[in-house]
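Here are some short exercises to work through with the model open on your screen. Try each task yourself before reading the solution.

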Amino acid sequence: EPAAEIDTAPYMGVWYDADGNWLMTTREYHISAVPQAIMYALSTDLEYGSARIEDNEVEYYQTPSDNFYRFDVIHNGRDMEIDVTEMGVVTPARKI
């Protein structure tokens with residue numbers, strides 16, 4: 001029996017306002033497709049580095065202001081979302 005393949009093709013959504021202006025694009029990736037620099041930034045962050053990643057799926061957001069990856073994690077016993085920018089800045093999930 002062949003080994004199961006990991007689907008790394010992203011799910012994509014594009015968001016516009018009522019006037020047709022682009023707001024954001026979202027993609028969902030398997031965690032194995034996330035760049036190592038992003039994983040390193042999360043794992044070595046002083047505040048959130050000990051967080052446990054819950055899902056194998058990670059959301060990637062492209063917005064007019066910046067781009068970031070969003071992880072579902074458990075941190076200090078609570079479920080939360082963590083954002084990691086392409087520059088490696090780690091923060092609690094922002095409202096978008």
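**Exercise 1. Find which strand gives the largest share of the nonpolar patch in this predicted model.**

Solution.
- Begin with the members: Met12, Val14, Tyr16 and Trp22 make a nonpolar surface patch of about 390 Å².
- Next, place them on the chain. Strand 1 covers residues 11–16, and three residues of the patch come from this strand, the largest share.
- Val14 is one of the residues found in strand 1. Its relative accessibility is 37%, so Val14 counts as partly exposed; the buried class ends at 20% and the exposed class starts over 50%.

**Exercise 2. Work out how the rings of Tyr29 and Tyr60 are arranged, and where the two residues sit in the chain.**

Solution.
- A pair of aromatic rings is described by two values, the distance of the centres and the angle of the planes.
- By the ring-pair rule, the model has three aromatic pairs.
- For Tyr29 and Tyr60 the centres are 6.4 Å apart and the planes meet at 65 degrees, so this pair is edge-to-face. The cut-off needed here is an angle over 60 degrees.
- Now look at the chain: Tyr29 belongs to strand 2 (residues 22–30) and Tyr60 to strand 4 (residues 57–62), which puts them 31 residues apart and makes the pair a link between distant parts of the chain.
- Tyr60 has a relative accessible area of 8%, so Tyr60 is buried.
- To finish, widen the view: Tyr29, Tyr60 and Tyr69 form one aromatic cluster.

**Exercise 3. Classify the ring pair of Tyr61 and Phe68, then find the charged residue over the face of Tyr61.**

Solution.
- The ring centres of Tyr61 and Phe68 lie 5.0 Å apart with the planes at 10 degrees, so the pair is stacked.
- Check the surroundings of both rings: Tyr61 and Phe68 are buried.
- The charged residue is Arg70, which lies over the face of Tyr61 at 4.9 Å from the ring centre.

**Exercise 4. Which salt bridges does Arg70 form, and with what N to O distances?**

Solution.
- Side chains of opposite charge can pair when their charged atoms come close.
- The count for the model is two salt bridges.
- One joins Arg70 to Glu81, with the closest N and O atoms 4.0 Å apart. Arg70 lies in strand 5 and Glu81 in strand 6, so this bridge ties together parts 11 residues apart in sequence.
- Another joins Arg70 to Asp83, at 2.7 Å from N to O. Asp83 is in strand 6 and Arg70 in strand 5, so here the parts tied together are 13 residues apart in sequence.
- Compare the accessibilities: Arg70 is buried at 7%, Asp83 is buried too, whereas Glu81 is partly exposed at 34%.
- Put together, Arg70, Glu81 and Asp83 are linked in a salt-bridge network.

**Exercise 5. Decide whether Asn76 is buried or exposed, and do the same for Thr85.**

Solution.
- Locate Asn76 in the loop between strand 5 (67–75) and strand 6 (78–85). Its relative accessibility is 70%, so Asn76 counts as exposed.
- While you are there, check the backbone: phi of Asn76 is near 50 degrees, a positive value in a residue other than glycine. Most residues other than glycine have a negative phi.
- Move on to Thr85, which is found in strand 6. With a relative accessible area of 11%, Thr85 is buried.
- Leaving out residues up to four places away in sequence, Thr85 touches Ile38, Asp66, Asn67, Phe68 and Arg94.

Definitions and conventions
Residues numbered from 1 in each chain as written. Predicted model: local features only at pLDDT ≥ 70, side-chain atom pairs only at ≥ 80, totals over all residues. Heavy atoms only, no water. Helix = DSSP H or I, 4+ residues; strand = E, 2+ residues; numbered from the N terminus. Buried < 20%, exposed > 50% of the residue type's maximum accessible area, 1.4 Å probe, protein only. Contact = heavy atoms within 4.5 Å. Phe/Tyr/Trp six-rings, centres within 6.5 Å; stacked < 30°, edge-to-face > 60°. Lys NZ or Arg CZ within 6 Å of the ring centre and 35° of its normal. Patch = residues over 30% accessible without salt bridge, like charges linked within 9 Å, V, L, I, M, F, W, Y side chains within 5 Å. Areas by Shrake-Rupley, 256 points an atom, 1.4 Å probe, with all protein chains shown as cover. Salt bridge = Lys/Arg side-chain N within 4 Å of Asp/Glu carboxyl O.
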